[in-house]
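Have the sequence and the model open side by side, and let us take a short walk through them together. We will begin with the pockets and then step back to the chain.

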Amino acid sequence: MTTRDIPGCFIGGADSAGTGARHMVVNPATGEPVAEVALATATEVETAVASARAAQPEWAKATPAERAGVLFKLAALVEERADELVADEVAQTGKPKRLAAEFDIPGSADNIAFFAGAARLLEGKASGEYSGGHTSSIRREPVGVVGAITPWNYPLQMAVWKTAPALAAGCAVVIKPSELTPLTTLRLAALAVEAGLPRGVLNVVVGAGAEAGDALSGHQGVDAVTFTGSTAVGRTVMARAAARGARVQLELGGKAPFVVFEDADLEAAIHGAVAGALINSGQDCTAAARAIVAESVYEDFIAGVAELMEKVVQGDPLDEGVDIGPQISFAHRDRVAGIVARAKAAGARVAAGGCAPDLPGAFYRPTLLADVAEDSEAYRAEIFGPVLVARAHTGEDDAIRQANDTEYGLAASVWTRDVYRAQRASREIRAGCVWINDHIPIVSEMPHGGFGASGFGKDLSAYSLEEYLAVKHVMSEITGEPKKEWHRTIFRLR
Ligand code: NAD
């Protein structure tokens, strides 16, 4: 693969260079450089926010149908240019081509098309005479300029989850993708202009978090900040936005429980656990992370998951036979390996994996850690790698207690054939999404977002439009009388 130069910024509808350090985008499946970029700094963030501020009022005045038209065209362009987007997504993340081509890119096109439709359906309360002498109506107005900060795990999808609803609502956006994976966000912005989005409405700054991200979340000209990433950074971003009273939405880490009851279809649970834990090489905030399994089926579950994990093929992401890719970087792979080594030293049973394969990239073998201690790092911390930890439970109360014994609350799944138990568990588990007899599927129409340390606010669905809209009450006096009834509180009239 040849290294290419890419711009650090897309501002006002055109590529431009950043004035910061030069940075290499690396393919973690090979360790080879893919692209070189001059990073954006606070200076470019300033220009990008100014560009968004200048463009936003006109975009807000476009009719919902006009905004929908641009977004539908963008969805079509994403489908048309799928091959280029897949190639870039695979090169910068190392994820298998199969995953990018069948999930990331079509999912992104579908999200954009959903928000194109949603742009024309901004619901509000009916107008009415609530005081008797006035007609009240509700306006749904764009919050203004949105600062979006996204992670490296699903670069295009995360960019779309933020920008599509914001653009549908009439906002302008400055987005800062992870500097590890900027390629598809830059492509998305260029495609948006090709689709007819006015220049300046969508701007990209590729910069380091501590510099460009910090400048964006603290910028006075940014009305709302939407962030997806780790809990620690999310809290920093929130503090920066809070200092100037800006709105914030946070999609943070997770440690999803995968609860199996004794009456579950064990074959389905085993397949679900392996797929749910290994999706995107385990670098998924909703990935199955903690298997909490009924004592009576625990050993069968461990044996089944271990057997299936051992069959998972790693290697060249362009090879159709490869199942999962590497970790995003060698540093991240080493962090995952460190957690597994400490769990092993503390007495966890390594039922599968627990090592790096003999491959050149940042790969780590699918790993199952059985009998992990409840207070251990492996059980509590977000590993964000292909590692499933497991514990037994003694019954429904114990299973729910263990599922909720976490600071996170993003997603969970419950595996049972008992419809009553499934409903009770979905009520009791504290998480933004509970799947019953499956783990992972998402759809554009339904919300995604966490409780607790997993953040607040929603991506996807009509709920996410709320993050980018402000409610305005307009109240018109309708009697035409010069003296109003309520004036008696001041003038002692009547
Ligand atoms: P991260 O928090 O390190 O980085 C996320 C983004 O924040 C990047 O663009 C980064 O450059 C930027 N950033 C870093 N420091 C910053 C600062 N001081 N100010 C402003 N921005 C800063 O996360 P990551 O390693 O890129 O992604 C992995 C994390 O993302 C995991 O914790 C995962 O659970 C989470 N995630 C959550 C969801 C969700 O929907 N809840 C989805 C995907 C990923």
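Which helix gives the most to the lining of the largest pocket? Before answering, please keep in mind that this is a predicted model. The helix to look for is H7, with five residues in that lining. You will find H7 at residues 209–217, and it has company: strand S10 (224–228), helix H8 (231–242) and helix H11 (330–345) also supply at least two residues each.

Now look into the pocket itself. Its volume is about 730 Å³, and 34 residues line it. If you would like a starting point, go to Pro151, Trp152, Gly229, Ser230 and Val233, the lining residues that lie nearest the centre of the largest pocket. By chemical character, the lining divides into 14 nonpolar, 13 polar and seven charged residues.

Where does the largest pocket sit relative to the domains? Domain 1 is made of two stretches, 4–252 and 450–474, while domain 2 runs over 257–436. Because both domains give residues to the lining, the largest pocket lies between them.

Let us move on to the second largest pocket, which has a volume of about 570 Å³. Its lining counts 32 residues, and the ones closest to its centre are Leu99, Ala275, Leu278, Ile279 and Asn280. Three helices give two or more residues to this lining: H4 (97–118), H5 (155–169) and H9 (266–278). The largest share comes from H9, which provides five residues. Sorted by character, the lining of the second largest pocket holds 17 nonpolar, nine polar and six charged residues. Here too the two domains take part, since domain 1 and domain 2 each contribute at least three residues to the lining of the second largest pocket.

With the pockets in view, step back to the chain. An unreviewed UniProt entry carries the annotation "domain: Aldehyde dehydrogenase" for residues 22–474. Over that stretch, the chain is 42% helix and 21% strand. The C-alpha atoms at the two ends of residues 22–474 are 51 Å apart.

For a last stop, find Asp397 in helix H13, which spans residues 396–404. Is Asp397 buried or exposed? Its relative accessibility is 68%, so Asp397 counts as exposed, the cut-off for that label being over 50%. From there, you can look across to Thr286: the two residues are 111 residues apart in sequence, and their C-alpha atoms are 23 Å apart in space.

Note on methods:
Residues numbered from 1 in each chain as written. Predicted model: local features only at pLDDT ≥ 70, side-chain atom pairs only at ≥ 80, totals over all residues. Heavy atoms only, no water. 1 Å grid on protein atoms, 1.4 Å probe; cavity = no way out; pocket = protein on both sides within 12 Å on 5 of 7 lines; lining within 4 Å. Points joined across faces, edges and corners; volume = space filled by probe spheres on them. Helix = DSSP H or I, 4+ residues; strand = E, 2+ residues; numbered from the N terminus. Nonpolar A, V, L, I, M, F, W, Y, C, P; charged D, E, K, R; others polar. Domains from an automatic or database assignment. UniProt positions renumbered as here; feature names shortened; annotations may be inferred. Buried < 20%, exposed > 50% of the residue type's maximum accessible area, 1.4 Å probe, protein only.
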